[in-house]
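Hi,

Here is the structure I promised to pass on. Have a look at it first, and then read on for what turned up in it.

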Amino acid sequence: MWSSNAMYRRLYKNAAPNSLRIIQKRFISLDSQSKKCGNGLSYIHFLPKTEKTNYFRDIDIEEIEHDERCEKFVHYMDNYRKKTLELREKIGKIKELCSDDAVTQDNVDYEIIGSYAYYLKTSRFCKDSLALYRTHVEYRNYKRSGNIRFKSRLSEPPNITGINDELVIDFAELKNRPRSSNIKNIRICNYKGGIVGVIHDPLGDDNYVANFFSLSKLKQLSTYLDNISELHFMPQTRKCRNIRIFYTVVNDQKRSFRLYSGLINTVTGVMTNKILLYEESNPINYISLYKSKNGNLLFVGIVSFGKVVSTFCIRSNLRLYNIPIPQSDKIFLENRRNSIYCIHRDNNGQFSYISMKNVNTLKPLRKRISADTVDNFSNTETYWNFVGKIDCCVTDIDMFDKHLVLYSLKSPSTPFLYIITFSTTKNTTREGLLGNTCVIKSLNLPVKVGSITPQCNSNYYADNVKLSFTCPGIQSVHYNINLNDLSAELQPMIRLPIKSLVYYVPSRDGKCRIPITLVMKGDTSDKDSTKIEKFTKKGLKCVVYVYGTYGENLNLENYIEHRPLLDMGYVLCFAHVRGGGELGKNWHDAGSKMMKHNSFYDLVDVIECLIAKNITHRKKLAINVSSASGIIGGNIYNIRPDLCSCIIFKLPFMDPFDCLMSSNQPFVQLEYEEFGNPYNEDMTLNYSVLDYVYSYSPCSNVRHGNGPGIVIYCNSNDIRAPWYHSAKFVTLLNSDRIYIKMSDYGHIGTPCYDYAVNTAAEEIAIMDELLEDSQTRSIIAPNTT
């Protein structure tokens, strides 16, 4: 287990003499991971102020340059500014490589709603902002479904050239900072004159509001909603200009806990008939909404720590109907005609199962508050018809009238596409429901690793599907696939000689093999380019990406720094360590709570394997972590600083111990499930959890000495990974190789393109300089005794 010697020395130095015996007793318990430390005293009483994250919380962000507590933090920010000035020529060359990856497209992705094609483009008035435009299109072949008339397909696909653009919304008017849109989602309803709902974060501090715009008047309506998480529109009646809206609001913990419904007039914007449909009383659950593609059902999911606990659907009568679901962490629901289709995966993430159920057999929910949910997925009264299974993990779905498209991923990073074609007969047997299943093998993917995602496929009756493929070093490649004959149209792309490999590294405990994905620039015509021998004996510079938290996959997408790194001869390694979701729920459980140390050890094993095979060298290796994986990067710095020469922290979450002790912080319930709850049911402290979390909390185990270089990016409006986590970590360090850049964005949201390019170029230049400088430096290995 982790060494606590340094932590012990700091506590001993700052403790009162009569507390020494208690402190010694505490760390005996820590080293042995005993569950018998019940002395009833809080850790907070023993920590000196300089080791408390809340020591920095009361600092005004505008006054940090004048606060002595932030002296080192400000010094390291000055280091960053000086270093970027020193490397400005190198940064300029890297920016050119970043810009080469931005390719202008003749056509843009659009979504057909009513008689218009809606699409996002750069605002004509502010180049750093987006705007919503529309163009009139022609249809043929009308079909009806209830009170809504659908139009089956375009007579000619629209060519969005910008000549007939009609401006709907300029998002530069929705925010305080014109360089960042911070738009969460956009909902468009073309019924009864039409209305647009935009959920955005004006200040970048995770406080979302909803504004509404009239499509008939092309102006903003007076109605707005605060503390919004999600919203969807449903048509009301044919005799009024009201549109039914469903939306969720968040509590102080930023969790959606109430579901409301109301009517919005498309002319006046006045909202009436506000009704509370559902309230979630369990503080660890939150509400998620999803509208079926055909517009007939609104699905309501109750989610707890990334796992769907229960689901309901809302029909035209505003009643909630209970949908029995399996016990799975990944569930997709869709509606087709009178059936609901459920896609879920097993706990190992190797198989996905498809089932269906008749909507008319669902029972209404009698209570509007949360209740205990029983897994009755296989109950004879709520029996689901089994449709089939695939040997991949489904990451997204797209429902059409005749087809179901499954976007899948074979662990850890190989994309697949499955298409289920429904039988056109009225046969209701199990065979008639499925028809036939086709696996598209003819997709000419540039490489065998990456991610595949759906594009705007709003036409429910379409016979084609649009999707995009992306991987490190390759921009998004757009496909238009005919669902009938499986023919594919490929958008022209810039092809790079990228070769990739999935390799498995044995873990030190012998319980698993850790999957890694390697990507580098090379000759893809070589038949042996996918063998590990083609990556070994190179000794190249390498960047290792890792996440391993919350059961989320480490997706292989093309981020802005990947293309320049590959052009500069770097090897990119993606370590899918335990704690992520690449191999299902069991893989996540093996790297969370009291098993969190597996995530750190897995990364150590991966790096040692890369070095042993001479793929890279410790002096040529950098680690890139973001958000919650900042804990992993911080532990590498504290425990094994000899493994790398640079660690990049992007919006790092660095102090889980203090976060768990502060029960009023946003998202703290989520942290309880991932790292453990330090409180018992009677609200007394659980010292076994505290000991364990304290033993790996980066800010509580800072290692002094000549460690790898550090580059940190943090944001002043970030409430998920606050800037003072980084401030606390670096305040306990003393190094001339620490560089910090702080901006005024939040944790999520999209900064403008120029800022992203500049920051990526600066990051690469500083990292490359640190790797070159490390050739003349020596990093002291930790004392493992």
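Let me start with a sheet. Four strands make up an open sheet, ordered S7-S8-S9-S10, and their pairing is antiparallel. The edges are taken by strand S7 (183–189) and strand S10 (219–226); each has a single partner strand, so one side of each is left without a neighbour in the sheet. On average, neighbouring strands here are turned by 20 degrees against each other, if you ignore direction. Before going further, please keep in mind that this is a predicted model.

If you zoom in on one edge of that sheet, you'll see strand S9 (residues 209–214) paired with S10 over five bridges, in the antiparallel sense. Ser 214 has Lys 219 in S10 as its bridge partner.

There is also an open sheet of five strands, again with antiparallel pairing, in the order S15-S16-S17-S18-S22. Its edge strands are S15 (286–291) and S22 (363–364), each of which pairs on one side only. Within this sheet, strand S16 (residues 298–304) runs antiparallel to strand S17 (residues 307–314), and seven bridges join the two. To find your way around that pair, look for Val 300, which stands opposite Phe 312 in S17.

Now for the helices. Two packed helices are described by the angle between their axes and the distance between the axes. Helix H3 (residues 71–86) is a good place to look, as it packs against helix H14 (residues 753–773) at an angle of about 85 degrees, with the axes 10 Å apart. Angles of 65 to 115 degrees count as roughly perpendicular, and H3 and H14 are therefore roughly perpendicular to each other. On the H3 side the contact is made by Tyr 80, Lys 83, Thr 84 and Glu 86, and on the H14 side by Thr 759, Glu 762, Glu 763, Ile 766 and Glu 769. Sorted by class, that contact has five charged residues, two polar and two nonpolar.

H3 also packs with helix H13 (residues 723–731), this time at about 95 degrees and with the axes 8 Å apart. H3 and H13 are therefore roughly perpendicular to each other too. Here Lys 72, Phe 73 and Tyr 76 of H3 meet Trp 723, Ser 726, Ala 727, Val 730 and Thr 731 of H13. This contact divides into five nonpolar residues, two polar and one charged.

What about holes inside? Searching the whole structure gives three cavities of 30 Å³ or more, and the largest has a volume of about 50 Å³. Its lining consists of Phe 653, Cys 659, Gln 665, Pro 666, Phe 667, Glu 671, Ile 719, Arg 720, Pro 722 and His 725. Of these lining residues, six are nonpolar, two polar and two charged.

Last, some backbone details in loops:

- The peptide bond from Ser 411 to Pro 412 is cis, its omega being near 0 degrees. You'll find Pro 412 in the loop between strand S25 (403–410) and strand S26 (414–421).
- Tyr 550 is not a glycine, yet it has a positive phi of about 60 degrees. Tyr 550 lies between strand S34 (540–546) and helix H6 (562–567), in the loop.
- Ser 627, a residue other than glycine, has a positive phi near 55 degrees. Look for Ser 627 in the loop between strand S36 (616–626) and helix H9 (630–639).

Enjoy browsing!

Note on methods
Residues numbered from 1 in each chain as written. Predicted model: local features only at pLDDT ≥ 70, side-chain atom pairs only at ≥ 80, totals over all residues. Heavy atoms only, no water. Axes fitted to C-alpha atoms, helices over the stretch in contact; angles between N-to-C directions. Parallel < 35°, antiparallel > 145°, perpendicular 65-115°, else oblique. Contact = heavy atoms within 4.5 Å. Nonpolar A, V, L, I, M, F, W, Y, C, P; charged D, E, K, R; others polar. 1 Å grid on protein atoms, 1.4 Å probe; cavity = no way out; pocket = protein on both sides within 12 Å on 5 of 7 lines; lining within 4 Å. Points joined across faces, edges and corners; volume = space filled by probe spheres on them. Pairing = 2+ DSSP bridges.
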